[in-house]
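Trainee: Got a minute to walk through this one with me? I'd like to go over the sheet and then the pockets.

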Amino acid sequence: MSNPRKPTPHTQLCSHDTHAIHYRDANLVDELIGKASFVEVFVRQTFARKPSAAELTIVDAVLVTLMEHGLTPSVIAARMVYSSSPENLQAGVAAGLLAVASRFVGTMEPAAGLLRRIVDADEQGAAEAQRIAAEHRAQRQPVPGFGHHLHRPDDPRAVKLLALAAEVGTYGRHCQALQTLAQAIDAAAGRHITINATGAVAAVLGDIGVPPQLMRGFAVLSRCAGLVAHIAEEQRDPSDRFIWDLVDRAMAPPSPIDQ
């Protein structure tokens, strides 16, 4: 009995020959360079379809939103690692990208999973939102996409993204689910809890068909650009020694009792 042959691994993302390079079915030189934006090509490559004007607006807005938020853990990591290896700019960027995770920048992924639960519950969406709020409150865990140490009572980035989705016509079931979840969280907490930027990102990307497991990729793409900007500033006006000295002074040595 013969064994069936496994399909040959392949990619549809790029092909090339002596005279041309193709991104999927588009000629890079003749159809893309100077004619298509970076965001448009990114969406076409990632989702194998041409995005609408409204979808491009949303993706571009999300990338701009997530690019920068000051000296966050990812930025501090990037600056410090770059200071140790200035010959490798990519090392600093890579260090910063490792911090795009479940607590900072990357929380749109778990938030999107919660919104998907509400959307899938259909007419029982409000009840599902209440269950989600109760689960997190019982575990004393913050709900991904909610809360912010600085922006209160509302995160202006979230307000803008949701308004933009309504303006361009992409506001749909995921944005509605976010509002439903927000009401349930407020009721469970007995006070208003901020919808933060990653909560809004999860909603607006969900409504243009981005699956939860890919959403963090948008944060990685956006924050990568922001980290390059921070390294450029570090090259012009270094802060690495200040950060190092600040931590060194602030972290007191252990007392004899602790040793």
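Mentor: Sure, and keep in mind that this is a predicted model. Let's start with the open sheet, where 3 strands run in the order β1-β2-β3 with antiparallel pairing.

Trainee: Which strands stand at the edges of that sheet, and why is one side of each left without a neighbour?

Mentor: Look at the partners: each edge strand has a single partner strand, so one side of it has no neighbour in the sheet. The strands in that position are β1 (14-16) and β3 (26-27).

Trainee: What is the bridge partner of H16 in β2?

Mentor: β1 pairs with β2 (residues 21-23) in the antiparallel sense, over 3 bridges. For H16, the bridge partner in β2 is I21.

Trainee: Does Q45 count as buried or exposed?

Mentor: Q45 sits in helix α2 (residues 38-47). Leaving out residues up to four places away in sequence, Q45 touches L13, Y23 and R24. Its relative accessibility is 19%, and the cut-off is under 20%, so Q45 counts as buried.

Trainee: On to the largest pocket: how many residues of its lining are charged?

Mentor: That pocket has a volume of about 740 Å³. Of its 26 lining residues, R103, F104, V105, T107 and N196 are the closest to the centre. Helices α3 (53-66) and α10 (197-206) each supply at least two residues of the lining. By class, the lining has 10 nonpolar residues, 12 polar and, for charged, 4.

Trainee: And which residues are the closest to the centre of the second largest pocket?

Mentor: This pocket holds about 460 Å³ of space, and α7 (125-139) and α9 (173-189) each give its lining at least two residues. Of the 20 residues lining it, the closest to the centre are P142, I185, A189, R191 and I193.

How values were computed. Residues numbered from 1 in each chain as written. Predicted model: local features only at pLDDT ≥ 70, side-chain atom pairs only at ≥ 80, totals over all residues. Heavy atoms only, no water. Helix = DSSP H or I, 4+ residues; strand = E, 2+ residues; numbered from the N terminus. Buried < 20%, exposed > 50% of the residue type's maximum accessible area, 1.4 Å probe, protein only. Contact = heavy atoms within 4.5 Å. Pairing = 2+ DSSP bridges. 1 Å grid on protein atoms, 1.4 Å probe; cavity = no way out; pocket = protein on both sides within 12 Å on 5 of 7 lines; lining within 4 Å. Points joined across faces, edges and corners; volume = space filled by probe spheres on them. Nonpolar A, V, L, I, M, F, W, Y, C, P; charged D, E, K, R; others polar.
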